[in-house]
Amino acid sequence: MTWHFTTDPAVFRAAAGAHLAAEPARDTAVLTLMETAARLGWWTEPGGRVTGVAALARGGALSLGATTEEAARALVLPDGDEPVELRGETAAVEAYAHGTGRPWEPAARMRLFRLGALTPPDPAPAGRARLATEADLPLLGDWTAAFARAIGEEPAADHTDFLTGRITEGRLHLWEAPDGRPVSMAAVSRTLAGQARVHLVYTPDAERGRGYAAGATTAVSRAALDSGAAAVVLFTDLANPTSNALYRRLGYRPVTDHLAVRLTPRS
C-alpha cells in the first residue's frame, strides 16, 4: 500500500481513472484541479486498487478526493512539500491533519450536494437570466472579491483572467432585475467525468431576499444539464442555513460533509 505522485495529468488519469469515474461527485475538487495542479497523487491497495486521490494546487492547498482514512493518514508529499491548507471529506482531513503532528485549525465546514431533479423556484423571481459578457467584468470583479471575502478567502489582486475564461466559455450567468440591473451571479465548471460543479453563487447584500440567487443557480444548473453533464454538484457553507435550504428547494441532495483546515508550518 503506497502513495504514487506525478505532475502529468495523463499519467494520473491512466492510474486513477477508474476511481475518478466511480466517485466523480466525491472527487469533484481533484477533477477540477487536475489540469493545473502542482502535484497529483493516488493511493493503491494490494492488487493495485486505488482508494485515495489528492491534488496539490500551486498555491499550496491540498485537496483530497474520495480517500480512506488509512490513506489520508499515510499521505506524505515528496520533495519536502507540505500543504498550508487542506480540504476534503471530514474524516479523511482529520486523519491527515492528526497524522502530520502539525498544529491545525478548522477554516470552514462544508457540505457537498448533488442535483437530483431540478426544481425551479415557483413563483420565479422577478427578472431573467442571461449570460455574462465582457462588458460586465468591472462589476463581476467587485462581486468576486466580495464573494472571496464572504467565504473567508483573500481576494486575488485581479480576477479578470478567472472571469474572462468563464465568460468566453458561456459558464457564467447573471440574473437581471426587471429594470435590467444585474443582481446575482452563478458559474459552473467545465464538465469533467460527466460532472459539472456550480460555484461563485453571489448576490450583493442590498439585493438579497428576492430569490435572485435561486434564479441564477437554476440557470447554471439547467445549462450544465443541457450541455450533457450527467451530474451537477455544489458546495455549501454549513454555517449558512439560508444557502443550504435554498439548494435543497432547488433539488440538490446532500452527499458528504467536508472540512477545510489551516496547517501551521513546521518550525
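A residue is called buried when its relative accessible area is under 20%, exposed when that area is over 50%, and partly exposed in between, using a 1.4 Å probe and protein chains only. Please keep in mind that this is a predicted model: local features need pLDDT of at least 70, and side-chain atom pairs count only at pLDDT 80 or more, while totals for chains, interfaces and linings use all residues. Residues are numbered from 1 along each chain as its sequence is written, and side-chain values use heavy atoms, leaving out hydrogens and water.

**View A. Leu200, a buried residue with a positive phi**.
Leu200 sits in strand 10. Strands (E, at least two residues) and helices (H or I, at least four residues) are DSSP runs, numbered from the N terminus. With a relative accessible area of 4%, Leu200 is buried. Its phi is about 55°, which is positive although Leu200 is not a glycine.

**View B. Ala193, in the loop between strand 9 and strand 10**.
Here is another positive phi in a residue other than glycine: for Ala193 the angle is near 50°. Is Ala193 buried or partly exposed? Ala193 counts as partly exposed because its relative accessibility is 47%.

**View C. Strand 11 and its partners, strand 6 and strand 10**.
Strand 11 covers residues 231–237, and 5 of these 7 residues are buried, so the strand is largely enclosed by the rest of the structure. Two strands are said to pair if DSSP finds at least two bridges between them. Strand 6 (residues 104–115) runs antiparallel to strand 11, and 5 bridges join them; in this pairing, look for Arg111 opposite Thr236. Strand 10 (residues 195–202) pairs with strand 11 in the parallel sense over 4 bridges, with Arg197 standing opposite Val233. Between strand 10 and strand 11 the chain passes through helix 7 (residues 212–226), making a right-handed β-α-β crossover. Right-handed here means that, with the strands pointing away from the viewer, the path from the first strand over the helix to the second runs clockwise.

**View D. The largest nonpolar core, with 23 residues**.
A nonpolar core is a set of buried Ala, Val, Leu, Ile, Met, Phe, Trp, Tyr and Cys residues joined through side-chain atoms within 4.5 Å. Which residues touch the most other members of this core? They are Val198, Val232, Tyr247 and Tyr252. Strand 6, strand 9 (182–188), strand 10, helix 7, strand 11 and helix 8 (241–249) each give two or more residues to the core, and helix 7 gives the most, with 6. Apart from this core lies another one of 19 residues, including Leu56, Leu62, Leu86 and Ala92.

**View E. Helix 1, bent at Ala16**.
Helix 1 (residues 9–22) bends by about 75° at Ala16; the bend is the angle between axes fitted to the seven residues ending at a residue and the seven starting there. Pro9, Phe12, Ala16, His19 and Leu20 are the buried residues to find in helix 1. Among the elements that cover them are strand 1 (2–6), helix 2 (28–33), strand 2 (39–44) and strand 3 (50–56). At the N-terminal end, Asp8 caps the helix, with a side-chain oxygen 2.9 Å from the backbone nitrogen of Ala10.

**View F. Thr6, a buried residue of strand 1**.
Thr6 has a relative accessible area of 12%, so Thr6 counts as buried. A polar atom of its side chain lies 3.0 Å from the backbone nitrogen of Asp8. Beyond its neighbours within four places in sequence, Thr6 is in contact (heavy atoms within 4.5 Å) with Val11, Phe12, Arg39, Leu40 and Trp42.

**View G. Ala71 in helix 3**.
Helix 3 spans residues 69–74. The relative accessibility of Ala71 is 0%, so Ala71 counts as buried. Setting aside neighbours within four places in sequence, Ala71 is in contact with Trp3 and Trp43. Thr44 is 27 residues from Ala71 in sequence, with 8.6 Å between their C-alpha atoms.

**View H. Glu94 in helix 4**.
Helix 4 runs over residues 90–100. Glu94 is partly exposed because its relative accessibility is 29%. Trp104 and Leu259 are its contacts once neighbours within four places in sequence are left aside. How far apart in space are Glu94 and Ala260, C-alpha to C-alpha? They are 9.6 Å apart, with a separation of 166 residues in sequence.

**View I. A cis peptide bond between Asp122 and Pro123**.
The omega angle of this bond is about 5°. To find the spot, follow the loop between strand 6 and strand 7 (128–131), where Pro123 lies.

Terms used:
A polar contact is a pair of N or O atoms within 3.5 Å; within protein, one must be able to donate a hydrogen and the other to accept it, and residues adjacent in sequence count only if both atoms are side-chain atoms.
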